[in-house]
Amino acid sequence: MRVVQVAAVIFVFWLVLAVPLAPVDLVWGALVSILVGFWAAELLWADGAPALSLRRLAGLVIYTLELIRSIVPAALQVARVILQPTMPIDPVVIKHRMRLNHEFTRVALANSITLTPGTHCVDSENGVLTIHCLDEHFANPVRDGRLEDRITRVLQRETMS
Amino acid sequence: MMAAIQATLAGLLIVAGAAFFFIGTIGLLRLPDFYTRVHAVTKCDALGAGLVLLGLAILAGFDGSGIRIIALIALVLLSSPTAGHALARAAWRAGLEPWYRKSGHVGQ
């Protein structure tokens, strides 16, 4: 059942990319979706498919937009570091215990951290993130919980219930 | 007139995207260790790919293929940090030590 659900999502995404096409292609697309679905069901949705409500979908869209907004300053900042002859970096590795307690929101947080200026998620274990920072002060939005608050606001509401 | 504006805007976006790819590559060469390089590549390449694709979407017009390209942008932005994370995690678990400024062994 899980395989069918995963395959359906993959198939729909592929359709968006591949339309218009011949009937033969549809059959091939469906076959490949099922094959990938078999492999992905174990990895992606090990605890069963997430319930897709309209609110969660809206949250996902808002989250993606915030991600897009945060990547511009992040890329500019790393570009500035790279282009300076002295390369002003002093990397540190920090640990951060997450307050978020769902896989889904934890993944979102890790992605946000990676696309925030100067921080890159390295590892996640038992609710503790290992984060590589280009410089000590880049860790601040993570340490003071600003990023986590933002994700809670956008995504957590109904994952709590 | 409309076509000229469209082409100019698309051209600017694509050039800006290429510039970010270029800077990311310079970073790959200049930065001292694996972890700092992953920073450069995930951020610059994700934004670079996003800008180039956005330029192409504008060129294609916001009908069929334009919308498809927008879907690709979302996919790139979601998968790029994930790929960067997978790389960094593999290095971390393999025991690769990050470069620190204090420890003395400064890059090249």
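**Entry 1: getting oriented**

Helices and strands here are DSSP runs, of at least four residues for a helix and at least two for a strand, numbered from the N terminus. With that in hand I looked up A:Thr116, which sits in the loop linking H4 to strand S2 (119–125) of chain A. I kept in mind that this is a predicted model.

**Entry 2: how confident is the predictor?**

I checked the scores for the complex and found an ipTM of 0.84 and a pTM of 0.81. For chain B, I noted a mean pLDDT of 88, with 94% of its residues at 70 or more. Where in chain B is confidence lowest, and where highest? I found the lowest mean, 87, in helix H3 (residues 64–93) of chain B, and the highest, 94, in helix H1 (residues 2–30) of chain B.

**Entry 3: H3 and H4 within chain A**

Two packed helices are described by the angle between their axes and the distance between the axes. I looked up both for helix H3 (residues 54–83) and helix H4 (residues 103–114) of chain A: the angle is about 15° and the axes are 11 Å apart. Angles under 35 degrees count as roughly parallel, so H3(A) is roughly parallel to H4(A). I also wrote down that their crossing is right-handed.

Next I listed who meets whom. From H3(A) come A:Arg56, A:Leu60, A:Tyr63 and A:Leu67; from H4(A) come A:Phe104, A:Ala108, A:Asn111 and A:Ser112. By class, I have five nonpolar, two polar and one charged residues in this contact.

**Entry 4: H3 of chain A against H2 of chain B**

H3(A) also packs against a helix of the other chain, helix H2 (residues 34–60) of chain B. Here I read an angle of about 125°, with the axes 9 Å apart. H3(A) and H2(B) are therefore oblique to each other. The crossing of this pair is left-handed.

On the H3(A) side I noted A:Ile71, A:Val72, A:Ala74, A:Ala75, A:Val78 and A:Ile82, which meet B:His39, B:Ala40, B:Lys43, B:Cys44, B:Ala46 and B:Leu47 in H2(B). Sorted by class, the residues of this contact are ten nonpolar, one polar and one charged.

**Entry 5: back to A:Thr116**

Is A:Thr116 buried or exposed? Its relative accessibility is 10%, so I put A:Thr116 down as buried. Leaving aside residues up to four places away in sequence, A:Thr116 touches A:Ala74, A:Leu147 and B:Lys43. I was pleased to meet A:Ala74 and B:Lys43 again, since both are on my list for the contact of H3(A) with H2(B).

**Entry 6: two more buried residues in chain A**

A:Glu66 is in helix H3 of chain A. At 17% relative accessibility, A:Glu66 counts as buried. Which residues does A:Glu66 touch, not counting those up to four places away in sequence? I found A:Arg150, A:Arg153 and A:Val154.

A:Thr105 is in helix H4 of chain A. With a relative accessibility of 0%, A:Thr105 counts as buried. I also looked up a distance: the C-alpha atoms of A:Thr105 and A:Asp149 are 11 Å apart, while 44 residues separate the two along the chain.

**Entry 7: a stop in chain B**

My last look was at B:Gln6, found in helix H1 of chain B. At 28% relative accessibility, B:Gln6 counts as partly exposed. B:Gln6 touches B:Ile58, B:Leu59 and B:Gly61, not counting residues up to four places away in sequence. Between the C-alpha atoms of B:Gln6 and B:Ala60 I read 9.6 Å, for a pair 54 residues apart along the chain.

Definitions and conventions. Residues are numbered from 1 along each chain as its sequence is written. Chains are lettered from A and ligands numbered from 1 in the order in which they are written. This is a predicted model: local features need pLDDT of at least 70, side-chain atom pairs count only at pLDDT 80 or more; totals for chains, interfaces and linings use all residues. Side-chain values use heavy atoms; hydrogens and water are left out. Axes are lines fitted to C-alpha atoms, for helices over the stretch in contact, and angles run from 0 to 180 degrees between N-to-C directions. Angles under 35 degrees count as roughly parallel, over 145 as roughly antiparallel, 65 to 115 as roughly perpendicular and the rest as oblique. A crossing is left-handed if the near helix is turned anticlockwise from the far one by less than a right angle, and right-handed if clockwise. Contact means heavy atoms within 4.5 Å. Ala, Val, Leu, Ile, Met, Phe, Trp, Tyr, Cys and Pro count as nonpolar, Asp, Glu, Lys and Arg as charged, and the others, Gly among them, as polar. pLDDT is the predictor's confidence in each residue, from 0 to 100. Buried means under 20% relative accessible area, exposed over 50%, partly exposed in between (1.4 Å probe, protein chains only).
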